[in-house]
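Reader: I would like to understand the words people use for a model like this. Can we go through them one at a time?

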Amino acid sequence: MNDFARINFENFYKFDLDKNQLPAFTKKNLVFLTALIQNDSSYRNSFDKDNPESSAFLLSKAFPTEDNIYDVVKRIDIENSTHLSVSGMKKEGNKQNNQGISIFVEGLLERGLENIKKQIQHGVPEIVDELAVLVPNRLNFSFATKFCTYCNRYCFGKDDYSIYDSVVSNILPYYAYVYLGEKYWKDIHSKNPRKKSTIEKTFVKIKNKDGKFQPNYAGYQKLIGEILCAIQEKSHTAVSRKIFDWMLWYYYKNDKRRQQTAYNCLGHHDCILE
């Protein structure tokens, strides 16, 4: 029997699972995940540097300038469905005037693109918090993380930022618990007892004494960094922020069963990975 005939193709095209029956961070899984995403037209177009319609195409040329910053912001918004375009919406009679992208871009220009470029190039976390509140009365934290991540990744080839979205926010407590033993959830005692993520409350929707949003991206970034260090220590596999985001987003998005499998582990010491 030759080597090809010995391959178990049924398992070859499935994720290796950890003891909690969720994807382990093995080298095989990382290669498999990358292949899935890079060959799925629903995802690959947004990070294809050869696709003229992608933000990656624009950003891989150079950091945005006054000439193309609006197009870059708009493309990132569309690719990620972050709804920045409807931020700052004003009603004029029966007409709706969408101003979010324009307001965000104006804020970038006021702060100076060169200044923002330097901060993103060096992975300064505080710039995310600053950009998240550019549009008055609307917190655009998710979009700010994606804008900084994409600029850092495609302009400078770096991996300093982690994306924030609802999928990551909901499932991150599992990884914080099984890799670090830390609790980022609360128990809901009601007719439908359940556990609820506190990631958003801890790092995102924070307000200062004046009632204005004052998120803590540095804390969020640090938590994921610590998880990645623990993954490398325990699995002997280096995982980038990009791959970690891909794994969580691709595996758990719109799958309540998988999310519940993760939540069933919270608070159970035997689920902690060694």
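Author: Let us begin with a cysteine. This is a predicted model. Cys148 has 0% relative accessibility, so Cys148 counts as buried.

Reader: What makes Cys148 count as buried?

Author: Buried means under 20% relative accessible area. Cys148 has 0%, so the label fits.

Reader: Why is Cys148 not bonded to the closest cysteine sulfur?

Author: That sulfur belongs to Cys151 and lies 6.9 Å from the sulfur of Cys148. A disulfide needs two cysteine sulfur atoms within 2.5 Å. So 6.9 Å is too far for a bond.

Reader: How do you know that Cys151 is in no disulfide?

Author: The nearest cysteine sulfur to Cys151 is that of Cys155, 4.9 Å away. The cut-off is 2.5 Å. Cys151 is also buried, with a relative accessible area of 0%.

Reader: What is a disulfide, in plain words?

Author: A disulfide is a covalent bond between the sulfur atoms of two cysteines.

Reader: How many disulfides are there in the whole structure?

Author: The search finds zero.

Reader: Now the whole chain. How many helices and strands does the protein chain have?

Author: The protein chain has 15 helices and four strands.

Reader: What makes the protein chain as compact as a globular protein of its length?

Author: Set two values side by side. The radius of gyration is 20 Å, and the globule rule gives 19 Å for 274 residues. The two are close, so the chain is as compact as a globular protein of that length. Its C-alpha trace spans about 65 × 50 × 40 Å along the principal axes.

Reader: What share of the residues counts as buried?

Author: Of the 274 residues, 46% do. As for the outside, the chain exposes about 15,000 Å². Carbon and sulfur atoms supply 47% of that area.

Reader: Which share of contacts joins residues 24 or more positions apart?

Author: They account for 60% of the contacts with a separation of 6 or more.

Reader: How many charged side chains are there of each sign?

Author: There are 39 positive and 33 negative side chains. The centres of the two sets lie 5 Å apart.

Reader: Why is Ile103 called buried?

Author: Ile103 has a relative accessible area of 19%, and the label needs a value under 20%, so Ile103 is buried. Ile103 is found in helix H7, residues 100-111.

Reader: What about Leu228: buried or exposed?

Author: Leu228 has 10% relative accessibility, so it counts as buried. Leu228 sits in helix H13, residues 217-235.

Reader: Which residues does Leu228 touch, beyond those up to four places away in sequence?

Author: Leu228 touches Val239, Ser240, Arg241 and Phe244. Take Val239 as one of them. Leu228 and Val239 are eleven residues apart in sequence and 6.3 Å apart in space, C-alpha to C-alpha.

Reader: Why is Gln21 called partly exposed?

Author: Its relative accessible area is 48%. Partly exposed lies between under 20% and over 50%, so Gln21 belongs there. Gln21 is found in the loop between helix H2 and helix H3.

Reader: What is the phi of Gln21?

Author: Phi of Gln21 is near 65°, a positive value in a residue other than glycine. Most residues other than glycine have a negative phi. Ser81 also has a positive value, near 50°. Ser81 is in the loop between helix H6 and strand E1.

Methods: Residues numbered from 1 in each chain as written. Predicted model: local features only at pLDDT ≥ 70, side-chain atom pairs only at ≥ 80, totals over all residues. Heavy atoms only, no water. Helix = DSSP H or I, 4+ residues; strand = E, 2+ residues; numbered from the N terminus. Rg over C-alpha atoms; globule rule 2.2 N^0.38 Å. Buried < 20%, exposed > 50% of the residue type's maximum accessible area, 1.4 Å probe, protein only. Contact = heavy atoms within 4.5 Å. Areas by Shrake-Rupley, 256 points an atom, 1.4 Å probe, with all protein chains shown as cover. Lys, Arg positive; Asp, Glu negative; His and termini not counted. Charge placed at Lys NZ, Arg CZ, Asp CG, Glu CD.
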